[in-house]
Amino acid sequence: MSQLSLDRRGFSRAALASLAVSLAAPALARPKAAVKARNIVLVHGLFADGSCWSEVIPLLQDRGLNVTAVQNPLTTLPDAVAEATRVLNRQDGPTVLVGHSFSGMIVTEAGMHPNVSSLVYVAARAPDAGEDYAALAAKYPTPPATAGIVYDGDEGRLGEAAFLRDFAGDLPLRKARALFAVQQPFHKPLLTGRTTQAAWRSKPSWYAVSTEDRTINPDLERFMAKRMGATTIELKSSHVSMLSHPHEIAHLILEAAGQV
């Protein structure tokens with residue numbers, strides 16, 4: 001067999017291998033570098049309110065950034081997206097949209113807003129467009145916090161024992177109990193919503209994985225971060241890393257804002 005035939009055969013194998021890799025990878029077309037932004041919009045998830053960002057906000061304001069924490073109504077996904085959109089409409093230029101926990105759904109949907117320049121997920125859900133998040137999560141072991149959810153009719157909350165142990169387990173007890181006191185109930189219809197678009201497919205994204213998370217499985221967080229091609233950090237943290245590791249979360253947000 002001639003050397004030319006071997007070269008052609010080798011080239012064909014390499015081309016097929018390259019094609020297989022390209023087909024396996026997500027179809028992302030977002031820029032690699034962060035756009036410089038001075039606006040930060042923070043969104044909270046279940047079992048919390050906007051005060052869960054209280055440790056991060058001053059760190060960002062100290063850098064001269066304009067910061068707004070959305071009060072998520074926790075009623076339905078469309079309601080939550082509409083509230084975040086109203087805040088995004090008020091921003092005067094490039095904006096980093098940051099979501100914790102459930103509000104990753106909001107970031108994924110509302111992140112298509114023209115003011116949003118980049119996305120940050122903090123131990124957050126990151127579904128694809130139309131994806132059944134519950135079915136995705138079911139592929140991983142159920143996190144302990146799930147068993148601690150208690151319902152009062154249409155409203156759901158995390159019981160105190162589960163909140164202190166499985167949601168905010170690495171916070172000082174006094175701080176964790178104060179956080180429990182401001183917990184806002186969520187409505188059951190909120191959990192049935194599905195995103196219609198995935199902003200992470202077109203916008204640069206960052207992700208903070210909580211390795212000690214007992215509310216969302218850490219391996220699920222790693223999967224979602226890898227799938228979106230996010231710049232990823234891992235923190236030895238409970239679910240509320242923005243409270244137990246505020247400097248690291250603030251730094252990640254500054255990176256997404258092109259300020260580092």
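Start by selecting Tyr151 and Gly156 in this predicted model: Gly156, in strand β6, is the bridge partner of Tyr151. Now widen the selection to the strands around this pair. Strand β6 covers residues 155-158, and 4 bridges join it to β5 in an antiparallel arrangement. Look at the link between the two: β5 and β6 make a hairpin, with 2 residues between them. Click on Gly153 in that turn, where phi is positive, at about 65°.

Next, add β7 to your selection. Strands β6 and β7 run antiparallel and are joined by 2 bridges. To see one contact of this kind, pick Glu155 and its bridge partner in β7, His187. You now have the whole open sheet on screen: 3 strands in the order β5-β6-β7, with antiparallel pairing. At its edges are β5 (149-152) and β7 (186-187), each of which pairs on one side only.

Stay with β6 for a moment and turn the view. Which residues make up its covered face, and which its uncovered one? Gly156 and Leu158 are on the covered face, while Glu155 and Arg157 are on the uncovered one.

Return to Tyr151 and show its side chain. Lys188 lies over the face of this ring, 4.8 Å from the ring centre. Tyr151 also belongs to an aromatic cluster, so to speak a group to select in one go: Phe47, Tyr151, Phe163, Phe167, Phe180 and Phe186.Now for the rings themselves. A search of the whole structure finds 7 aromatic pairs. Select Phe47 and Phe186: their ring centres are 6.0 Å apart and their planes stand at 75°, so this pair is edge-to-face. The two residues come from distant parts of the chain, 139 residues apart, with Phe47 in the loop between β1 (39-43) and α2 (57-61) and Phe186 in strand β7. Are they buried or exposed? Both Phe47 and Phe186 are buried.

For a contrasting view, select Tyr121 and Tyr207. Their ring centres are 6.0 Å apart with planes at 10°, so the pair is stacked. Tyr121 is in strand β4 (residues 116-122) and Tyr207 in strand β8 (residues 205-210), so the pair ties together parts that lie 86 residues apart in sequence. Tyr121 and Tyr207 are both buried.

Those two strands lead to the next stop. Select β2, β1, β3, β4, β8 and β9, in that order, to show an open sheet of 6 strands with parallel pairing. The edges are β2 (66-70) and β9 (231-235), each with a single partner strand, so one side of each has no neighbour in the sheet. Look along the sheet to follow its twist, which averages 15° from one strand to the next.

Zoom in on β1 and β2, which pair in the parallel sense over 5 bridges. A good place to look is Asn39, whose bridge partner in β2 is Asn66.

Finish with two helices. Show α3 (residues 77-89), which packs on the sheet and touches β1, β2, β3 (95-100) and β4. Its direction makes about 165° with that of β2. Then show α8 (residues 218-227): this helix lies across β8 and β9 and runs at about 165° to β8.

Key
Residues are numbered from 1 along each chain as its sequence is written. This is a predicted model: local features need pLDDT of at least 70, side-chain atom pairs count only at pLDDT 80 or more; totals for chains, interfaces and linings use all residues. Side-chain values use heavy atoms; hydrogens and water are left out. Two strands pair if DSSP finds at least two bridges between them. Helices (H or I, at least four residues) and strands (E, at least two) are DSSP runs, numbered from the N terminus. Rings of Phe, Tyr and Trp (its six-membered ring) pair if their centres lie within 6.5 Å; planes under 30 degrees apart count as stacked, over 60 as edge-to-face and the rest as tilted. Buried means under 20% relative accessible area, exposed over 50%, partly exposed in between (1.4 Å probe, protein chains only). A charge sits over a ring if NZ of Lys or CZ of Arg is within 6 Å of the ring centre and within 35 degrees of the ring normal. Axes are lines fitted to C-alpha atoms, for helices over the stretch in contact, and angles run from 0 to 180 degrees between N-to-C directions. Contact means heavy atoms within 4.5 Å.
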